[in-house]
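Work through the exercises below with the structure in view. Each task is followed by a solution in steps.

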Amino acid sequence: MAAPAKAEVGKARRRLAAAHHAAVVSHERPDGDAVGSALATALSLRLTGKQAEAVFPDGLPARYRFLPGAATVRRDLPAGIDLIITVDCSTLDRLGPAGVAVPVVNIDHHPTNTLFGQINLVDAQASATAELLYNLAPGLGLPIDVDVATNLLAGIVTDTIGFRTASTTPRVLQAAADLMTRGAALSDVYERTLNQHSLSALRYWSHGLGRLECEGGLVWCSLTLEDRRAAQYGGNDDADLINLLGTVDGARVALILVEQADGRTKVSWRCREGFNVARLAEQFGGGGHDLAAGAMISGERAQVELTVLSATRATLEAVGPA
Ligand code: AMP
Ligand code: MN
Ligand code: MN
């Protein structure tokens, strides 16, 4: 899926222009790109005189609450909206809020996007939905002031893990430079979104790292509810430990399993070039990008671990030696 066609961008521009009150929503368990893209879109729409709200049913993770507009996030869809814009969300069932009934403009960069919108602006080449939004902004008539720029930069910085991923092209760096020129503070965004970890998150990591396994190009560990309690970690995620596993020398694929209170298990995969974890995640009802994917799988952790490890090993073997 390359850059959206001009005709589709024009359609979206007219749809945005016709809206009076828009809600901007993203995927559950929002990451920096979900939050940055949603806030940027809502703030930019407000600059054009529209009513617009970013809606996150569970509020925002603490680390993103410094972003401009974060204080105006709503937890439920407001009454009277005439447009929903989804950002960074590949399928309707991953959408944060339930009950989406009005027309949807779908803006995303996941290759696994199911094109569920009435209008779909999907570019799998984009490093982040925030980068896609930056590229589309002139065509959509969305202004970028310093607050919008800060949110877009947060989306790009987090999805490229600080410009480290293979998706970081010269164009991404040019976009980031332009966002800085518009006033976004790169070092501040970088520090707050990627560099700072709570003490409890590091204690949580230590439980998982204590069980770290590495074998045949695969590195993995799991995090349990008991680890979460022991570390007093408040989230239901891996606290980004997967990104550390992905740095292990010689590992081609990293995966992490996180036990959930509802009996399901969240699995995240990361890999180096030459392997595609989105296809693997899709086998388990998930999705994502070639090099970073995830799935929420029914079943308790130990059982899911066996199934997922065996599928991942099988795919590694099918691909052959690096
Ligand atoms: P994560 O493993 O949650 O860090 O996510 C890595 C990538 O996979 C992100 O682009 C997510 O949007 C995507 N992803 C994670 N979980 C799912 C899921 N259950 N379904 C579809 N995509 C997912
Ligand atoms: Mn995301
Ligand atoms: Mn993204």
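**Exercise 1.** At what angle do helix α2 (residues 32-47) and α4 pack, and how far apart are their axes? Classify the arrangement and describe the contact.

*Solution.* The model is a predicted one.
Step 1. The angle between α2 and α4 is about 160°, and their axes lie 8 Å apart.
Step 2. Angles over 145 degrees count as roughly antiparallel, and α2 is therefore roughly antiparallel to α4.
Step 3. The crossing in which α2 passes α4 is left-handed.
Step 4. On the α2 side the contact is formed by Gly32, Asp33, Gly36, Leu39, Ala40, Leu43, Ser44 and Leu47. These meet Asp147, Val148, Asn151, Leu152, Ala154, Gly155, Thr158 and Asp159 in α4.
Step 5. Sorted by class, the contact of α2 with α4 holds seven nonpolar, six polar and three charged residues.

**Exercise 2.** Find the angle at which the axes of helix α3 (residues 129-140) and α4 cross, and name the residues that meet.

*Solution.*
Step 1. The axes of α3 and α4 cross at roughly 135° and come within 7 Å.
Step 2. This angle makes α3 oblique to α4.
Step 3. From α3, the residues Ala130, Glu131, Leu133 and Tyr134 meet Leu152, Gly155 and Ile156 of α4.
Step 4. The residues of this contact of α3 with α4 divide into five nonpolar, one polar and one charged.

**Exercise 3.** Describe how helix α4 (residues 146-159) crosses helix α6 (residues 186-195), and state which residues make the contact.

*Solution.*
Step 1. The axes of α4 and α6 come within 10 Å, with a crossing angle of roughly 55°.
Step 2. That value makes α4 oblique to α6.
Step 3. The crossing of α4 past α6 is right-handed.
Step 4. α4 contributes Thr150, Leu153, Ala154, Val157 and Thr158, while α6 contributes Leu186, Val189, Tyr190, Thr193 and Leu194.
Step 5. Among the residues of the contact of α4 with α6, seven are nonpolar, three are polar and none is charged.

**Exercise 4.** Which domains does the domain assignment of the chain give? Describe the contact between domain 1 and domain 2.

*Solution.*
Step 1. The assignment gives domain 1 (6-195) and domain 2 (199-319).
Step 2. Taken over C-alpha atoms, the centres of domain 1 and domain 2 are separated by 26 Å.
Step 3. In the contact, nine residues of domain 1 touch 17 residues of domain 2.
Step 4. Between domain 1 and domain 2 an area of about 900 Å² is buried, and carbon and sulfur atoms give 50% of that area.
Step 5. Of the area that domain 1 buries against domain 2, Arg29, Pro111 and Thr112 supply 54%, more than any other three residues.

Technical notes:
Residues numbered from 1 in each chain as written. Chains lettered and ligands numbered in written order. Predicted model: local features only at pLDDT ≥ 70, side-chain atom pairs only at ≥ 80, totals over all residues. Heavy atoms only, no water. Axes fitted to C-alpha atoms, helices over the stretch in contact; angles between N-to-C directions. Helix = DSSP H or I, 4+ residues; strand = E, 2+ residues; numbered from the N terminus. Parallel < 35°, antiparallel > 145°, perpendicular 65-115°, else oblique. Left-handed = near helix turned anticlockwise from the far one by under 90°. Contact = heavy atoms within 4.5 Å. Nonpolar A, V, L, I, M, F, W, Y, C, P; charged D, E, K, R; others polar. Domains from an automatic or database assignment. Buried area = accessible area lost by both parts, 1.4 Å probe.
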